[in-house]
Amino acid sequence: MLISEAFAQAANSAQAEPSLMSLLPLIGILVIFYFLLIRPQSKRVKEQKLMREGLQKGDEIIISGGELGRVTSVGEHYIMVEIAPNVEITVLKAGVQTLLPKGTLKSIDTGKSNKALKNNRAQKASDIQESSDENTSVAPLNESQKDSSDKS
């Protein structure tokens, strides 16, 4: 035979077992994650829960959809929120994102002043009046009538 038989060498029984020093970096990473991520998040969740349980009539809030409103009634799981004069919606307590300081809704600038809103309403009313006046005319003017109305 030209090829000699190969024998497996006996495994060295003195292999290094995992020691505490090799697990130390993993334990360190877990501790860092706990103090930087898990603990602050659980603290925020606890604060949110307390805020939702403490909601009262008259509180000003922001709900998860971004709507701002004033709490008009509070139930066990639902609250009624007034988002505009005489407009109320029912919202789950879990949908409340932020409790605003009192008086915040009055101080928020929506981009339109009351004067601009009144002018806009007056403009719409005059547009409606003009369109109703145009619809009430019986016969269209012919060219000679248009010329005479333009001259006067």
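**Exercise 1: Pairing in the sheet**

Work out how β1 and β5 pair, and over how many bridges.

*Solution.* Start with the direction: β1 and β5 run antiparallel, and four bridges link them. Keep in mind that you're looking at a predicted model. Now pick out some partners. E60 sits opposite L100 in β5, and I61 faces L99 in that strand.

Next, turn to β2. This strand is also antiparallel to β1, with three bridges joining the two. Here I61 shows up again, with G69 in β2 as its bridge partner. So I61 has a bridge partner in β5, namely L99, as well as G69 in β2. As background, strands of a sheet pair through backbone hydrogen bonds, either parallel or antiparallel.

Finally, look at the link between β1 and β2: they form a hairpin with four residues between them, and G66 in the turn has a positive phi of about 100°.

**Exercise 2: The whole sheet**

Write down the strand order of the open sheet and find its edge strands.

*Solution.* First, line up the five strands: β4-β3-β2-β1-β5, paired antiparallel. Then check the two ends of that order. β4 (87-92) and β5 are the edge strands, since each of them pairs on one side only. Last step, the twist: on average, neighbouring strands are turned by 45° against each other, direction ignored.

**Exercise 3: Salt bridges**

How many salt bridges does the model have, and which parts of the chain does each one tie together?

*Solution.* The count is two. Before you go through them, recall that side chains of opposite charge can pair when their charged atoms come close.

Step one: K102 pairs with D59, with the closest N and O atoms 3.2 Å apart. K102 is in the loop between β5 (96-100) and α2 (104-107), while D59 is in the loop between α1 (20-53) and β1 (60-63), so this pair ties together parts 43 residues apart in sequence. Is each partner buried or exposed? K102 is exposed, at 60% relative accessible area, whereas D59 is buried, at 8%.

Step two: E60 and R70 meet at 2.8 Å, N to O. E60 belongs to strand β1 and R70 to strand β2 (residues 68-74), so the bridge ties together parts ten residues apart in sequence. E60 counts as buried, with 4% relative accessibility, and R70 is partly exposed, with 28%.

**Exercise 4: The surroundings of T72**

Which residues does T72 touch, leaving out those up to four places away in sequence?

*Solution.* Begin by placing T72: it lies in strand β2. Now list the contacts, which are K57, M80, V81, E82 and E88. Then look closer at one of them: the side chains of T72 and E88 make a polar contact at 3.4 Å.

**Exercise 5: A stretch from the record**

Find what UniProt places at residues 20-38, then describe that stretch in the model.

*Solution.* Check the record first: the unreviewed UniProt entry puts a "transmembrane region" there. Now turn to the model, where residues 20-38 are 100% helix and 0% strand. To finish, take the two ends of the stretch: their C-alpha atoms are 25 Å apart.

Methods. Residues numbered from 1 in each chain as written. Predicted model: local features only at pLDDT ≥ 70, side-chain atom pairs only at ≥ 80, totals over all residues. Heavy atoms only, no water. Salt bridge = Lys/Arg side-chain N within 4 Å of Asp/Glu carboxyl O. Buried < 20%, exposed > 50% of the residue type's maximum accessible area, 1.4 Å probe, protein only. UniProt positions renumbered as here; feature names shortened; annotations may be inferred. Pairing = 2+ DSSP bridges. Axes fitted to C-alpha atoms, helices over the stretch in contact; angles between N-to-C directions. Polar contact = N/O pair within 3.5 Å; in protein donor to acceptor, adjacent residues only side chain to side chain. Contact = heavy atoms within 4.5 Å.
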